[in-house]
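Please walk through this structure with me, from the whole chain down to single residues. Keep the sequence and the 3D view side by side.

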Amino acid sequence: MNCFQVYSLAMPELPEVEITARRLDSALRGAVVESALAPGMNVMKTFEPPLEELTGRRISGVRRVGKMPVIHFTSTNSSERRSSPRSTSGELALLIHLMSAGRLQVLEKRASAKDRASRVLVRLGDGRELRLREFGTKQRAWARLLASDVVAEDELVATLGPEAWPPPPLEALAAAVDQPRHLHPLLRDQRVIAGIGRSWVDEILWEARLSPFKQGGELVGAELQRLHSALHVLGDAIEHYERVIGDQLPDKLPMPLRVHRREGEPCPRCGATIEAVFFAEHQTNYCPEEQTGGRVLKDRRLSRLLK
Ligand SMILES: [Zn+2]
């Protein structure tokens, strides 16, 4: 079965969404929409234009903004006749947030009505289906249908910090992180820098030899330089996915992580034991030898204080 999907235990971040967007773009560009519907309760965060406006439109491309895939639909003659005056002018865009358990996939067959994981279904004229699915009990993934030319004005898009990859200029990164907040939550804040989440923040900080609990505003010149240089791990991950992932995205993306969730293993660089600090819903991993001056920060009370 021809199946494109994203699956990882962690929320898809910039490299995972980038490879998803690239593969979906190749698979979907030019396909015509037969119908679109949203079986997921509350998944659509917009009501005008309605999803029915996609009928008859052609998919003109799939791209990524931050951690969000965006699917663009150009109008065709048939859809223009059907469209309301407000949305006939140009393209529509489906902005999607996968949250932690969402997957965007192209399937050869249409979803069964019993598939409770289905959130948004875009049925294509050639029989395939673009499907937003979500696993687990919580429904967190969402989508917004917007005119393409106002995607940049969407509140979530407009407030994004600079994209983490390709890296912003050093000065832009320095300005963004100049805050009295620990690097671990700071770099995951999409308004500070876009695309980094709980997996890749550990990799970036390890690459930069910086403590997750150092404050952004405390970074000196050489540290800022290392943080900036370390963003290459995101580009490396995209290249890795390009090499190992074919036309069909596997169920679980083979994330090339070297420290995240690897507590107890030797640091790939210095051999010290990788440590972890556990929070309620996530963990951070680091090399104490190279990132925290030999200090092991395991204590949960300490970790709460540092959150
Ligand atoms: Zn190390």
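Of the contacts in the chain with a separation of 6 or more, 66% are between residues 24 or more positions apart. The model is a predicted one. Its chain has 307 residues, and 55% of them count as buried. The secondary structure comes to ten helices and eleven strands.

Begin with the nonpolar interior. The largest nonpolar core holds 33 residues. Val177 and Leu227 have the most contacts inside this core. Which elements give two or more residues to the core? They are α1 (14-28), α4 (170-177), α5 (183-188), α6 (198-208), α7 (221-230) and α8 (232-244). A second core, separate from that one, has 29 residues. Among them are Leu28, Ala31, Ala143 and Leu145.

Leu227 is a good place to look in the larger core, the one of 33 residues. Set aside its neighbours within four places in sequence. Leu227 is then in contact with Leu173, Val177, Leu187, Ile204, Leu205, Ala208, Leu210 and Leu219.

Next come the helix pairs. Two packed helices are described by the angle between their axes and the distance between the axes. Take α6 and α7. Their axes are 8 Å apart, and the helices pack at an angle of about 130°. That angle falls outside the ranges for parallel, antiparallel and perpendicular, and α6 and α7 are therefore oblique to each other. The crossing of α6 past α7 is right-handed. On the α6 side, the contact is made by Ile204, Leu205, Glu207 and Ala208. On the α7 side, Arg226, Leu227 and Ala230 make the contact. How many residues of this contact are nonpolar, polar and charged? Five are nonpolar, none is polar and two are charged.

A second pair is α1 and α8. Their axes come within 9 Å and cross at roughly 40°. Oblique is again the word, as the ranges for parallel, antiparallel and perpendicular leave this angle out; α1 and α8 are therefore oblique to each other. This crossing, too, is right-handed. From α1, the residues that meet α8 are Leu14, Pro15, Glu16, Glu18, Ile19, Arg22 and Arg23. From α8, the residues are Leu234, Ala237, Ile238, Tyr241 and Glu242. By class, the contact of α1 with α8 has seven nonpolar residues, no polar ones and five charged ones.

Now turn to single residues. Is Lys67 buried or exposed? Lys67 has 9% relative accessibility, so Lys67 counts as buried, the limit being under 20%. Lys67 is in the loop between β3 and β4 (68-74). Leave out residues up to four places away in sequence. Lys67 then touches Met11, Pro12, Glu13, Leu14 and Val17, among others. Its contacts also include Gln190, Gly195, Ile196 and Gly197. Gln190 is 123 residues from Lys67 along the chain, yet their C-alpha atoms are separated by 8.8 Å.

Ala93 sits in strand β5. With a relative accessible area of 0%, Ala93 is buried. Apart from neighbours within four places in sequence, Ala93 is in contact with Val70, Ile71, His72, Arg144, Leu145, Leu146, Ser148 and Val151. One of these, Leu145, is included in the second core. The C-alpha atoms of Ala93 and Thr74 are separated by 8.8 Å, and the two residues are 19 residues apart along the chain.

The backbone deserves a look as well. Where is Pro49? Pro49 lies in the loop between β2 (33-37) and β3 (58-65). The peptide bond from Glu48 to Pro49 is cis, and its omega is near 0°. Another cis peptide bond joins Trp165 and Pro166, with omega about -10°. Pro166 is in the loop between α3 (155-158) and α4.

Two residues other than glycine have a positive phi. For Met99, phi is near 50°. Met99 lies in the loop between β5 (92-97) and β6 (102-107). Its relative accessibility is 23%, so Met99 counts as partly exposed. For Arg209, phi is near 55°. Arg209 is in the loop between α6 and α7. Its relative accessible area is 37%, and Arg209 is therefore partly exposed.

Note on methods: Residues numbered from 1 in each chain as written. Predicted model: local features only at pLDDT ≥ 70, side-chain atom pairs only at ≥ 80, totals over all residues. Heavy atoms only, no water. Core = buried A, V, L, I, M, F, W, Y, C linked by side-chain atoms within 4.5 Å. Buried < 20%, exposed > 50% of the residue type's maximum accessible area, 1.4 Å probe, protein only. Helix = DSSP H or I, 4+ residues; strand = E, 2+ residues; numbered from the N terminus. Contact = heavy atoms within 4.5 Å. Axes fitted to C-alpha atoms, helices over the stretch in contact; angles between N-to-C directions. Parallel < 35°, antiparallel > 145°, perpendicular 65-115°, else oblique. Left-handed = near helix turned anticlockwise from the far one by under 90°. Nonpolar A, V, L, I, M, F, W, Y, C, P; charged D, E, K, R; others polar.
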